[in-house]
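Subject: Structure handover

Hello,

Here is the structure for you to look through. Please open it next to the notes below.

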Amino acid sequence: MGRALDLQDFIVRSRVLKLYRQALRVVRRAPDGAKDELKQTVRQEMENNRNCNDRQSIRFLMSDGLERLKRLDETLDMQGR
C-alpha cells in the first residue's frame, strides 16, 4: 500500500485528476480520426509522470499540461468543433 497523503499531496492529486478529465473532455471534440490518438497521448503523458513525487516538477508538468490543453482547445474552436 502507498504512503499516506498529506493535505498538499491530496490537493495536487485532485488537480492532476481534474486536468486529466478536462483533457479527455476536450479530446471528445476532436475529429473522429484523431480522437483515439489524442486520447492515447493524454493517457501516456499521465502514465509517464505517474511516479513523479517532486512538487516543483509536478507544478511544472501541470502548467505545461494546462498550456497544451488550452492550445488544443483553441485549435478545435478554430475548426468549429
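What follows is a short tour, from the overall fold to single side chains.

**Overall fold**

Please keep in mind that this is a predicted model. The protein chain has three helices and zero strands. Along the sequence, the pattern reads α-α-α. Helix α1 covers residues 7-27, helix α2 covers residues 32-48, and helix α3 covers residues 55-78. The C-alpha atoms fill a box of roughly 45 × 20 × 15 Å along the principal axes. The protein chain has 81 residues, and buried residues make up 14% of them.

**The annotated domain**

UniProt lists the feature "domain: Complex 1 LYR protein" at residues 15-70, in an unreviewed entry. In the model, that span is 82% helix and 0% strand. Its end C-alpha atoms lie 16 Å apart.

**Charge on the surface**

Which residues form the positive surface patch? They are Arg15, Lys18, Arg21, Arg25, Arg28 and Lys39. Helix α1 supplies the largest share of the patch, with four residues. Arg25 is found in helix α1. Its relative accessible area is 46%, so Arg25 is partly exposed. The cut-offs matter here: buried means under 20%, exposed means over 50%, and partly exposed lies in between.

**Salt bridges**

The structure holds nine salt bridges. Three of them are worth a look on screen.

Start with Arg55 and Asp6. Their side chains meet in a salt bridge, at 3.0 Å from N to O. This pair links distant parts of the chain. Arg55 sits in helix α3, Asp6 sits in the segment before α1, and 49 residues separate the two. Arg55 has 32% relative accessibility, so it counts as partly exposed. Asp6 is also partly exposed, because its relative accessible area is 38%.

Next comes Asp64 with Arg68. The closest N and O atoms of this salt bridge are 3.5 Å apart. Both residues lie in helix α3, four residues apart, so about one helical turn separates them. Asp64 is partly exposed at 30% relative accessibility. Arg68 is partly exposed too, with a relative accessible area of 36%.

Then look at Arg71 and Glu67. Their side chains meet in a salt bridge at 4.0 Å, N to O. How far apart in helix α3 are Arg71 and Glu67? They are four residues apart, which means a separation of about one helical turn. Arg71 counts as partly exposed, at 45% relative accessibility. Glu67 is partly exposed with a relative accessible area of 37%. Beyond single pairs, salt bridges that share partners join Asp6, Asp9 and Arg55 into one network.

**A nonpolar patch**

Leu5, Leu7 and Phe10 form a nonpolar patch on the surface. Together they offer about 330 Å² of accessible area. Leu5 is placed in the segment before α1. Is Leu5 buried or partly exposed? Leu5 is partly exposed, because its relative accessible area is 45%.

**Two distances to check**

Gln8 lies in helix α1. At 42% relative accessibility, this residue counts as partly exposed. Gln8 and Thr41 are 33 residues apart in sequence. In space, their C-alpha atoms are 27 Å apart.

Lys35 is found in helix α2. Lys35 has a relative accessible area of 26%, so it is partly exposed. How far apart are the C-alpha atoms of Lys35 and Leu24? They are separated by 9.5 Å, with the two positions 11 residues apart along the chain counted as the sequence separation.

**In brief**

You have a predicted model with three helices and zero strands. A positive patch draws its largest share from helix α1. There are nine salt bridges, including one that links Arg55 in helix α3 to Asp6 in the segment before α1.

Best wishes

Definitions and conventions. Residues numbered from 1 in each chain as written. Predicted model: local features only at pLDDT ≥ 70, side-chain atom pairs only at ≥ 80, totals over all residues. Heavy atoms only, no water. UniProt positions renumbered as here; feature names shortened; annotations may be inferred. Patch = residues over 30% accessible without salt bridge, like charges linked within 9 Å, V, L, I, M, F, W, Y side chains within 5 Å. Areas by Shrake-Rupley, 256 points an atom, 1.4 Å probe, with all protein chains shown as cover. Lys, Arg positive; Asp, Glu negative; His and termini not counted. Charge placed at Lys NZ, Arg CZ, Asp CG, Glu CD. Buried < 20%, exposed > 50% of the residue type's maximum accessible area, 1.4 Å probe, protein only.
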